[in-house]
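Good morning, and thank you for coming. I would like to take you through a structure that is new to most of you, one part after another. Please keep the sequence and the model in view as I speak.

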Amino acid sequence: MSRPKNQNYKGHGLSKGKERQQRASIRFKTTLMNTLMDVLRHRPGWVEVKDEGEWDFYWCDVSWLRENFDHTYMDEHVRISHFRNHYELTRKNYMVKNLKRFRKQLEREAGKLEAAKCDFFPKTFEMPCEYHLFVEEFRKNPGITWIMKPVARSQGKGIFLFRRLKDIMDWRKDTRSSDDQKDDIPVENYVAQRYIENPYLIGGRKFDLRVYVLVMSGCKWMLQRFRQYLASKHGPEAVETLFRDIDNIFVKSLQSVQKVIISDKHCFELYGYDILIDQDLKPWLLEVNASPSLTASSQEDYELKTCLLEDTLHVVDMEARLTGREKRVGGFDLMWNDGPVSREEGAPDLSGMGNFVTNTHLGCVNDRKKQLRQLFCSLQVQKKASS
């Protein structure tokens, strides 16, 4: 990439040289004062940059991305924490639009059976533009519960349930763009979504799963006690099917935006997937978060997020230690690399997919510290042998 002539562009990482050259010092920047800052400050060789100093790694918020990305020159090795149009997956109406389009594409190209693999999100309509289609569907199934959600808000803000059409007649009167809204959307729209009325309960309580998915432009990702609990109640085969269906949600949802997300080698994204399990052990995708909370609510949560962020930084690999062929790094498994990745070594035979097992261990027991120790020891041996 050449340096732009426009003097309004700000350069970063210009003194660091070649892309895969190993670096002993990484200059980082972030405005998030939570678990992330602790992890970055304790990472060996990483140095915090304040204010307008040059950086190699920036865990930015989406407002900075919108205002600065197109005016910032970045050297080959520089990394930032969002794709510029991440909202194609993380804004509720765009996510559904892309999934519907992808399902139609699959039906045309591969048939209804393949398209049915996208039936993991509830029936959804964008309001007000699809109001008449919604009314038609509503009248086909009277008495069921629907949920209204603002397309670009988070943490449950603005959500309400309804069973009668008259309950939503005044919904637009109460909608205002919130001051803390980060996305550039001129009018606050909603989605009307069929409510899952038979959720799986543990101890009489409803819940959903938060699964973190790290996307580098190929896709990588990271549960355990929940899987063990389900296996004790429903058997390992049913649970294996459930987690395979969850893996399918990750792959299909990312494929649905593959052609519209602006891929950039400087960008990565740590998505937070919210998934609801119903009583039939069917997983439903509720939403995808571009900025999942990294603030810990307990000591256990702090430890979980610390490990998550450490492994994220291992995979992003600012130090250029990895070979690119690793199938597991800490708590992340490589599931997709221009195609599904097999647990077995070597190129898998995908012709029939009969004995193919995807390289995923979601919810399985994993000694991540031991795995990382073995991985980096092996990399050190390889480096010495080649020098």
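Let us begin with one residue pair: Phe 57 has Arg 79, in strand S6, as its bridge partner. I should say at once that this is a predicted model. The pair belongs to the pairing of strand S4, residues 57–59, with S6, which is parallel and extends over 2 bridges.

Where do these two strands sit in their sheet? The sheet is open and has 4 strands, in the order S3-S2-S4-S6, with parallel pairing. Its edges are strand S3, residues 46–48, and strand S6, residues 79–80, each of which pairs on one side only. A helix also packs on this sheet: helix H9, residues 299–316, touches S3, S4 and S6. The direction of H9 makes about 140 degrees with that of S4.

I turn now to strand S15, residues 269–277. Is this strand mostly covered or mostly open? It is mostly covered, with 9 of its 9 residues buried. Glu 269, Tyr 271, Tyr 273, Ile 275 and Ile 277 point one way from S15. Leu 270, Gly 272, Asp 274 and Leu 276 point the other way, and the residues of both groups are all buried.

Which strands pair with S15? One is strand S13, residues 209–215, which runs antiparallel to S15 and is joined to it by 7 bridges. Within that pairing, Leu 209 stands opposite Ile 275 of S15. Another is strand S16, residues 283–289, which pairs with S15 in the antiparallel sense over 6 bridges. Here Leu 276 has Trp 284, in S16, as its bridge partner. S15 and S16 form a hairpin with 5 residues between the strands, and in this hairpin Leu 281 takes a positive phi near 60 degrees.

Finally, I come to a pair of helices. Helix H4, residues 92–110, and helix H8, residues 236–256, have axes that come within 8 Å and cross at roughly 95 degrees. That angle is why H4 counts as roughly perpendicular to H8. On the H4 side, the contact is made by Asn 98, Leu 99, Arg 101, Phe 102 and Leu 106. On the H8 side, Lys 252, Ser 253, Gln 255 and Ser 256 take part. By character, the residues of this contact divide into 3 nonpolar, 4 polar and 2 charged.

Thank you for your attention.

Notes: Residues numbered from 1 in each chain as written. Predicted model: local features only at pLDDT ≥ 70, side-chain atom pairs only at ≥ 80, totals over all residues. Heavy atoms only, no water. Axes fitted to C-alpha atoms, helices over the stretch in contact; angles between N-to-C directions. Parallel < 35°, antiparallel > 145°, perpendicular 65-115°, else oblique. Contact = heavy atoms within 4.5 Å. Nonpolar A, V, L, I, M, F, W, Y, C, P; charged D, E, K, R; others polar. Pairing = 2+ DSSP bridges. Buried < 20%, exposed > 50% of the residue type's maximum accessible area, 1.4 Å probe, protein only.
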